[in-house]
Structures are given as C-alpha cells and as structure tokens.
Amino acid sequence: MDSAVMVPTGLQEAVEARVVERSEERRRRIELLQEPGGIAMADDPARIATRIDRLSRYHPDVRPVSPAAIAAHEPAAMAAAGAILERIIQTNDLLGVAYLEGGVAAARAVGRITIRDRRGRLAGYGTGSLVSPELLLTNHHVLSEAGTAEPSIVEFDYQDGIDGRPRPLRDLPLDPGRFFLADEGLDIALVAVKASPAQLASFGFNPLVQAEGKAIVGDFVTIIQHPRGEKKQIALRENRIVDVKDLFLHYESDTDPGSSGSPVFNDQWEIVALHHASVAAPGHAELGGIVNEGIRVSRLLAFLRDQRLPSTQQALLDRVFAEQIRLTGTTPREPRPPLDGAASDGAASDGAARPTPAGTARPGHDGWTPDGWTPDGPVPAGTPAEGTPAEGTVRPPSDGTARTLAVTAPFDLYIRCEAADPGRQSPTQEAVSIDPDYSTRRGYDPAFLAGGHRVPLPALHPDLVPLAAVNRSPSPAAGPPYVLPYHHFSVVLNKRRRLAFFTAVNIDGNASVRLRREPDRWTFDPRVPEEHQAGEEIYRANPLDRGHLVRRLDPAWGPSRGVAKLGNDDTFHFTNCAPQHADFNQNQTTWAGLEDYILENADNRDLTVSVFTGPVLADDDDPYRGVQLPRQFWKVVVMVKRTGELSATGYLLSQERLINGLEVVPEDFSYGEYKTFQVPVRRIEGLTRLSFGDLAAADPLDRMEAATTAKEISDPRRIQL
C-alpha cells in the first residue's frame, strides 16, 4: 500500500531551505548533546529554564533554575540544569507505567485520513488527531479545502490488537460544512468530524497546550502515525529534537509519506508539534541523512486565537481552548465575539469557516478594523458617529473648565477633576477574563513619560535578587528575567514572601476607560509556580481584602475599550495582590483615597503618570496562614510637571493596628484613624532596599534638604484626602 499523500513541491523546497540554512547551528547543537551536561547548553537559556520548570509539574523534586544564570554559564546553575535534564531526558529510560497508559490514551485519538475525490476515488492517505471533542487536526496539504474534506473520512482503530489481530475499523465522515479552517503558510487544517458525541467520546482527544516549556533541543519525541497509509504505528521516544525555530521544530525520527498530520508528543504526552515533512539533510549521517519538521503547537494556537468566525464555528473553536482548562489547568482565552454576517467576513458560501486572508489586519488587533466593527465586535445600534467619545471614556470637558486645585509645596502635584456630566451614562459592565497569551504583554514602559524622561524599574539590592521569582517565559524587552510583564504594568515577585517586591504601572489619563467592577475573579500567573504566589486561602473567612497593588483602573487605557480591558483584567492576578485589612483597603482616607487621588486628580504636562507600589516586607511581619502580613505599604508617583521637570513623590501608609491580633481573635479588631503620609523617596528606598535611581533628586522633599534639618526631612507629612 503506497497511496500516501505527497508533500507539495513548494512546501518540500521551503523545508529543505530551512534545513540547509540551519545546518551549522544544528551540527553545533548535536555536538553539545554528546558532551556531559551539554543538553543544558544546546538551546536558548530562557527555553531551558522554562522546560525545567515545566518538568517540575511531573517531577516534584525538580526546582527552577535561573535563565539569567544559565545565560551567564554560572557553574552552579549549569550543573543543576545539566543534572536535571540528563536525569530526566538524556539518560532516564526507566519510565513509569503511566507513560504507557498515557501513550495508549494519546493513540486512541489518532486516526488515518482517507482522502477521496468527489467521485469517491482514493486520492491518498494522511494522519490526523482529535484535539477537541469534535475537531480533527491535520495538515493543509492533506486537506487543503472544504471540497477535499467533504468526501474524505477518518478511520480510527486501524491497528492490530494485543492478540495480533486487526481491531474493528471505525470510519467516520468529515463535516467541513460544520467547521473547516485551513492555512497554507502554517500547513494546518482543522475540520469537524460527523458523529454523535457518544461516538467521538470513545476516542477521547489530545488537547493543545499553549504553555511554553514543552520541548527543547535534546528532548525525545514520540510520533503516532499511519506511515504510507499503513496500520497505526509509533516512532517511540528514540527521536530527538535537534533544532527549535520560531515556527518549527526539527527532529530525527522514522516517518514516511502518510505520516503528514501526525501529532508529535514529548515524554509527558503533550503535543509539541504537528508533523508535516521530512527532507534530506546532507552531511548529517548521525541523523540518518534525514531531518523532520513539525509546526510548533504554540504557534498553531496563536493562529487559531486570532480567528474570528461565525458563531457556530466560533463555539467549536473555543472548545479547543476551553478543554485546556478542564484537562490541563491552563488559563482560558477570552472567547471572541462571533463574526456573524457576510460570508466575506469569515464564512464561505458553503458555511465552512475560513481564515482571514493573508496580509489583512484582523478585527481585534490594533489598527484597521472593517466598517461597522470595533476591536470588541460589531458597533451596537445607536453608537455615536466617528469622533464622538465612546461611552465610559474619560475626556476633558469640551469647554476646558477642568477644575484645578493647587497644592502647596512640598507635595508638588496638581489636581485635575473632570467636570460633572449629569447626562453621562454608567460605565460599561465587563466580566473579568484573563488574556491567555502572555507573550503579547509588554509591561511597564520606562520611556512612557513626556520630555525624554526615562524612569527605569526599581533595582533590587543584590541580596534580594535570589528571592525574586523567575519568569518561566521571560521577555528581554521587559527587563531582568524576574520581571513579570502585564498589559501596561509589571510585577517583581518575592517568592519567599509570596508577595510582590513592587509593581510598576503607566497611567494615561488622556486614554483611560472606566470599566465597572464586576465580582472579582483572581487567578494565578502560570509563568511562576503557584507556591510562589499567595492565593485564595489567605483571604477566606476573615476581614482581609485581596488588595490591588496596581489599582484596577490604572492600566485601563488605550485606543479602544478592548485594549483597556486587557489592562483592567490583568490586575486580577494574585501576583498583583496583597492582604490588606478591609478598613485599610477601602477607606477613602487611606489606601483607596490615595489611589483615587493619584489616578483621577493628577494634572501634569500630558496627564501621564508612572506609579511604583509595594508592601514593606519587614523580617518581623507576623505570619498568618503561611504568609507574613505586611504592616506598611508605599507608593512612588512620577510625572512631568508643566515646567517640563520630573517630579517624584513618595507615600507611606500603615495597617499595623488593624491586623494586630488577626490570628487570635479574627472578629475583633482595633480600628483607628489611619492617615496617609508623604515621605522622602529615600526613606522608601531604605525600608524596601530598592533603588529608584535618580528619582530621589526629583523629590521635592529631598530638594528642601538644604533649607531644613534632617529630622524635618525624615518626618512624614500628612496628606489630606
């Protein structure tokens, strides 16, 4: 039998070009894999660190290793990384029986695709895998269009049983009229299977996992396939990844035509790639002269996430992501509004879903959107014409009658309040939904303020750096590897205290959007271990609030409500949360009052502000349910004044009397008057062991030092809120 579908010439040539281009790099990586501990040097340091961290999910004794230390080739880090990877990946061929059980379950969802023409004649074979309860994933060159999928079928259990006899074949038709999505560039196709839920449930499915850290150079992979259309076979584990590109993985393996569309698994039975081609690799005798290429699952999912489809197809696509939650515990993506309407906007005339044409901006992205659409979906009836401020968007009064209240020095800040608008509608009601694609978050921008002023993130004292939780997926643009970037803000987390060292947010008063607060839905950040984050158990059955460090509305700004909502929702990560007594957190004369004061009342050169916030993590803070409760919190507010000068002001607030006795008598608290004080930035540096660089010189309290005594400078100054 050899009717396998062949890889198109153009695709074959493109793969060959990528293989040739990376020959020397691939050879270097393979040589490293032969050296003791070389697996820890054969890939990008951040990817190696993320892989180690993900392995900790399956191996409790594994501890994270700093990507910065790996990048610097620090001996201790390299030894630790090499030992972990060699033990688990390189030399450990003793696997638990669960490995076999996982393989049986994964194989059940893999089937042979029998491709037929419209007259029912056999045109070739491929391989596909169910990746949700209804959808089958394969290559574009296997099923290039709905017309090809319509007469084709998928055959499950085309294999021999443990008795050596063929198992009963279960063939099911495909249903492209219900769902079909294909992309030639990525060489992927996703199609519905025509069967009852009960029929499909018997096969299960292999979920597509977005999380990074699934594979590195040196990892072994397993491919379940129907080579040349033959019975289901498995290329078991002795197949090694030899290169990782942005879109593709390269690996050694035994594959043949007909294997196109096969899932490529790591040892944890997570799909890491979609196999699509094998090409000759001259000079690579150690690989048998062949290199295989697969599309990385993370890139495949990024493409799927960008699609906007008619409602029935969108619901099916959303299940691909929703099932990640149920089976893997990863964060769901926010379901996109369906694209119902004209076929040209995502639906073909036969009802099958189509990708957005190459080269066009998609709705929901910054930039172009089609007439009648916003980045959040169709424009509701009655929406104001272009140029009219959208509901809930903060805008200065048209007559310029903003009320400005001068504040005496040294609190060198002005207050700007929007004039009351009795006809203004209530803010938009929005449910919290976390964006699952953490790679798009740019975080705090040091160059955010006007006038060329650059305000970098605070620097940790060298003694504190080992206590910082390392980002599993660091972004070089975001700063050091322990920085967690979000939409418009960043967090640096103390993994021992399980609370933030500090947060840093950019606030744009000219583009802010008011979003009504819905019931809280807090979530862990998947880029750092959950045990490094203080979660829900701290806040149960007591008066402690999940206190936002970056206030919910601070990062809620941007060119559209959709962009603003990304920032709003990101503040509901536990990394941005600290236990604050309700009377402290909600009191308008303390924490909440200061936040309102900064966000709503800042009047500077262009209504932009950068704010740093955090708890004072004192060694003698009292423990409560495994977390030491901070007694004090601080803020440093930075802006450019109307004169063009940089201004930095510091604030210190205490909740010590409120949390006193929390462990012993949770229903009895010592309430009192809690005030907000302005203090020198240098005092906050001393309390936190953070360095704010040149900001102390921009502090009006610091500039008064020449005219006052040291005691007067260090004394806190009461701020009336």
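This is a walk through the structure shown above, from the whole chain down to single residues. Please keep in mind that the model is predicted.

Let us begin with the chain as a whole. Of its 721 residues, 55% count as buried. Along the chain there are 17 helices and 34 strands. If you take the contacts between residues at least 6 apart in sequence, 70% of them join residues at least 24 apart. The accessible surface comes to about 30400 Å², and carbon and sulfur atoms account for 52% of that area.

A good place to look first is helix H3, which spans residues 45-55. This helix is mostly covered, with 9 of its 11 residues buried. Among the buried ones you will find Ala 46, Ile 48, Ala 49 and Leu 55, and also charged residues including Arg 51, Asp 53 and Arg 54. At the N-terminal end of H3, Asp 44 acts as a cap. One of its side-chain oxygens lies 3.0 Å from the backbone nitrogen of Ala 46.

Next comes a sheet. Strands of a sheet pair through backbone hydrogen bonds, and they can do so in a parallel or an antiparallel way. Here 7 strands form an open sheet with antiparallel pairing, and if you trace across it the order is E5-E4-E1-E2-E3-E7-E6. The edges are strand E5 (170-173) and strand E6 (180-183), each of which pairs on one side only. From one strand to the next, the twist averages 30°. To see one pairing up close, turn to E6 and strand E7 (residues 188-192), which run antiparallel and are joined by 4 bridges. In this pair, Asp 183 has Ile 188 in E7 as its bridge partner.

Further along the chain, strands E21, E22 and E23 are worth a longer stop. E21 and E22 run antiparallel and are joined by 3 bridges, and one of the partnerships links Leu 484 to Val 491 in E22. The two strands form a hairpin with 3 residues between them. E22 then pairs with strand E23 (residues 499-508), also antiparallel, through 6 bridges. Phe 489, for example, has Val 505 in E23 as its bridge partner. E22 and E23 make a hairpin too, with 4 residues between them.

How many of the residues of E22 are buried? The count is 6 of 6. In a regular strand the side chains alternate between the two faces of the sheet. In E22 both faces are covered: Phe 489, Val 491 and Leu 493 are buried on one side, and Ser 490, Val 492 and Asn 494 on the other.

The turns of these hairpins hold some backbone details. His 488, in the turn between E21 and E22, has a positive phi of about 80°, although this residue is not a glycine. His 488 counts as buried because its relative accessibility is 16%, under the 20% cut-off. In the turn between E22 and E23, Arg 498 has a positive phi of about 65°. Elsewhere, Arg 228 has a positive phi of about 55°, again without being a glycine. Arg 228 sits in the loop between strand E8 (222-225) and strand E9 (233-235) and counts as partly exposed, at 27% relative accessibility.

Another loop residue to find is Gln 533, between strand E24 (515-516) and strand E25 (544-548). Is Gln 533 buried or exposed? With a relative accessibility of 1%, Gln 533 counts as buried. Leaving aside neighbours within four places in sequence, its contacts include Leu 493, Arg 498, Phe 524 and Phe 574.

Finally, consider the charged side chains, where the count comes to 31 salt bridges. One of them joins Asp 435 and Arg 441 at 3.9 Å, N to O, and both of these residues are buried. Another joins Asp 554 and Arg 551 at 3.8 Å. Asp 554 is buried at 6% relative accessible area, and Arg 551 is buried at 11%. Lys 641 and Glu 645 also meet in a salt bridge, at 3.5 Å. Here Lys 641 counts as buried, at 11% relative accessibility, whereas Glu 645 counts as partly exposed, at 43%. Salt bridges that share partners also build one network from Arg 22, Glu 25, Arg 28, Arg 29, Asp 43, Arg 47 and Asp 243.

Definitions and conventions:
Residues numbered from 1 in each chain as written. Heavy atoms only, no water. Salt bridge = Lys/Arg side-chain N within 4 Å of Asp/Glu carboxyl O. Buried < 20%, exposed > 50% of the residue type's maximum accessible area, 1.4 Å probe, protein only. Polar contact = N/O pair within 3.5 Å; in protein donor to acceptor, adjacent residues only side chain to side chain. Pairing = 2+ DSSP bridges. Axes fitted to C-alpha atoms, helices over the stretch in contact; angles between N-to-C directions. Contact = heavy atoms within 4.5 Å. Areas by Shrake-Rupley, 256 points an atom, 1.4 Å probe, with all protein chains shown as cover.
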